[in-house]
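Work through these exercises with the structure open beside you. Try each task before you read its solution.

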Amino acid sequence: MKQISTVFLSFLVLSCGGAKVDQSTVLNPTNPKGVKGQVVTNATVEKTESKISALKTGTGSFTTSGDIETSMSFLTSDELQGRDTGSDGIAKAADFIQNVFEEYNIAPYFASYRDILSNYSDGTAYNVVGFLPGTDEKLKNEIVIIGAHYDHIGIISGNDGDTIANGANDNASGTTTVLEFAKYFGKLKGNKRSIVFALFSAEEKGLMGSKHLAEKLKNENIELYAMLNFEMVGVPMVDKDHSLYLTGYELSNLAEVSNRYANKKLVGFLPKAKEFNLFRRSDNAPFHDAFNVPSQTYSSFDFTNFGEYHKVGDEASLMDYNYMAKVVNDVIPVLTGIINSPIKEVKYN
């Protein structure tokens, strides 16, 4: 998330008793060290089609922990140097994202996948924006944005010679999650409303990427139905009866709609998210400001389950890939329901 206040960090220290959070319950169970990421292959795409078929028939899941690991391991590799805005490392992340879009039938929304930010002057920065047109004549002009930021904070002072802030939870986890959704909908091609898949840069610089896109789309006078953002979803919450929380929970009925389509209590309320106003601290906020339509963030960072926020220790080895895959599989029916509903059922209160 966008840099959080000193009060927030003080809370982390107090809640952890000044010691590092015990990560023993959230380590990646399949590969603690991680592996180098891979590009998408034709064999991977063909496998995706069989997984969609299994998911539709109720005989399987779409995303596996191995799928998650492939993306996470590349996006968090030292080769990307912490994905700082404008860096060579984040350009490699953009290449990876674009490759997924191209392989899974996600077209560029603009002339290019890479939309250069008009509000960022410290070098060149760009969002990566894909588009999947809707199939329903009455609904295709309505747009649902599914987004996450793919930048992080780059090279910082660290411990034991490690100076790369790899940004696994913040926010390779959200980026990977959105890419899994792009794979699913891109191969299924059954979305009645149109979908924009937006991976934002310069979130860590003050939500610059999402501010740019929100203003640009507002000037195009698009009909935005909802903006659904994913931020820090790499580790499960502690002692909660739901998997995710929503920022701005009380502002809309999105949690209710999400839980109905998930057929379980998937989304709940986190008091600390309201206390620290996380609704304003991620890329949903500029779309709320520009369009005044439901624009909210799904997250699992509960202030107690991850002690490496904006540190070099935010590594892939601390992510729970089984949990992340479960989140993707649980959220797919939610997105499907929202995107294909004959009416705009998600509303601000």
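**Exercise 1. Place isoleucine 106 in the chain, then decide whether it is buried or exposed.**

Solution.
- Step 1: Find the position. This is a predicted model, and in it isoleucine 106 sits in the loop between α4 (88–103) and β1 (107–108).
- Step 2: Check the accessibility. The relative value for isoleucine 106 is 1%. The cut-off for buried is under 20%. Therefore isoleucine 106 counts as buried.
- Step 3: List the contacts. Setting aside neighbours within four places in sequence, isoleucine 106 contacts Phe101, Tyr113, Gly130, Phe131, Leu132, Ala182, Gly186 and Phe197.
- Step 4: Look at one partner. Isoleucine 106 and phenylalanine 197 are 91 residues apart in sequence. Their C-alpha atoms are 8.4 Å apart in space.

**Exercise 2. Describe the largest nonpolar core and the surroundings of phenylalanine 197.**

Solution.
- Step 1: Start with the core. The largest one holds 79 residues. Phe101, Ile146, Phe181 and Phe197 have the most contacts inside it. Helix α10 (residues 321–340) gives the most to this core, with 12 residues.
- Step 2: Recall the general trend. In soluble globular proteins, nonpolar side chains tend to be buried together.
- Step 3: Turn to phenylalanine 197. Beyond four places in sequence, its contacts include Phe101, Ile106, Ile146, Phe181 and Phe185. Val128, Val129 and Gly130 are also among them.
- Step 4: Look for a second core. Another one, of 18 residues, lies apart from the largest. Ile145, Val196, Leu224 and Met227 are among its residues.

**Exercise 3. Why can helix α3 be called largely enclosed?**

Solution.
- Step 1: Count. Helix α3 covers residues 65–75, and nine of its 11 residues are buried.
- Step 2: Name them. They are Ser65, Asp67, Ile68, Glu69, Ser71, Met72, Ser73, Phe74 and Leu75.
- Step 3: Conclude. With nine of 11 residues buried, α3 is largely enclosed by the rest of the structure.

**Exercise 4. Classify two aromatic pairs, and find the charges over rings.**

Solution.
- Step 1: Note the total. There are 14 aromatic pairs.
- Step 2: Take tyrosine 184 and phenylalanine 185. Their ring centres are 5.1 Å apart, with 85 degrees between the planes. Over 60 degrees counts as edge-to-face, and this pair is edge-to-face. Both tyrosine 184 and phenylalanine 185 are buried.
- Step 3: Take phenylalanine 276 and phenylalanine 303. Here the centres are 5.2 Å apart and the planes differ by 25 degrees. Under 30 degrees counts as stacked, and this pair is stacked.
- Step 4: Locate this second pair. Phenylalanine 276 is in the loop between α8 (271–275) and α9 (285–291). Phenylalanine 303 is in the loop between β9 (295–299) and α10. The two are 27 residues apart, and the pair links distant parts of the chain. Both phenylalanine 276 and phenylalanine 303 are buried.
- Step 5: Widen the view. Ring pairs join Phe276, Phe301, Phe303 and Tyr309 into a cluster.
- Step 6: Add the charges. Lysine 216 lies over the face of phenylalanine 110, at 4.1 Å from the ring centre. Arginine 260 lies over the face of tyrosine 261, at 5.0 Å from the ring centre.

**Exercise 5. Examine the backbone at leucine 207, asparagine 277 and asparagine 171.**

Solution.
- Step 1: Know the background. Most residues other than glycine have a negative phi, and most peptide bonds are trans.
- Step 2: Check leucine 207. Its phi is positive, near 60 degrees. Leucine 207 sits in the loop between β5 and α6 (208–219). Its relative accessible area is 4%, so leucine 207 is buried.
- Step 3: Check asparagine 277. Its phi is also positive, at about 50 degrees. Asparagine 277 lies in the loop between α8 and α9. With a relative accessible area of 39%, asparagine 277 is partly exposed.
- Step 4: Check the peptide bond from aspartate 170 to asparagine 171. The bond is cis, with omega near 0 degrees. Asparagine 171 belongs to helix α5 (residues 168–188).

**Exercise 6. Which element has the lowest mean pLDDT, and which the highest?**

Solution.
- Step 1: Begin with the chain. Its average pLDDT is 89, and 85% of the residues score at least 70.
- Step 2: Compare the elements. Helix α1 (residues 6–15) has the lowest mean, 36. Strand β5 (residues 194–200) has the highest, 99.
- Step 3: Mark the low stretch. Over residues 5–38 the pLDDT is below 50.

Notes:
Residues numbered from 1 in each chain as written. Predicted model: local features only at pLDDT ≥ 70, side-chain atom pairs only at ≥ 80, totals over all residues. Heavy atoms only, no water. Core = buried A, V, L, I, M, F, W, Y, C linked by side-chain atoms within 4.5 Å. Buried < 20%, exposed > 50% of the residue type's maximum accessible area, 1.4 Å probe, protein only. Helix = DSSP H or I, 4+ residues; strand = E, 2+ residues; numbered from the N terminus. Contact = heavy atoms within 4.5 Å. Phe/Tyr/Trp six-rings, centres within 6.5 Å; stacked < 30°, edge-to-face > 60°. Lys NZ or Arg CZ within 6 Å of the ring centre and 35° of its normal. pLDDT = per-residue confidence, 0-100.
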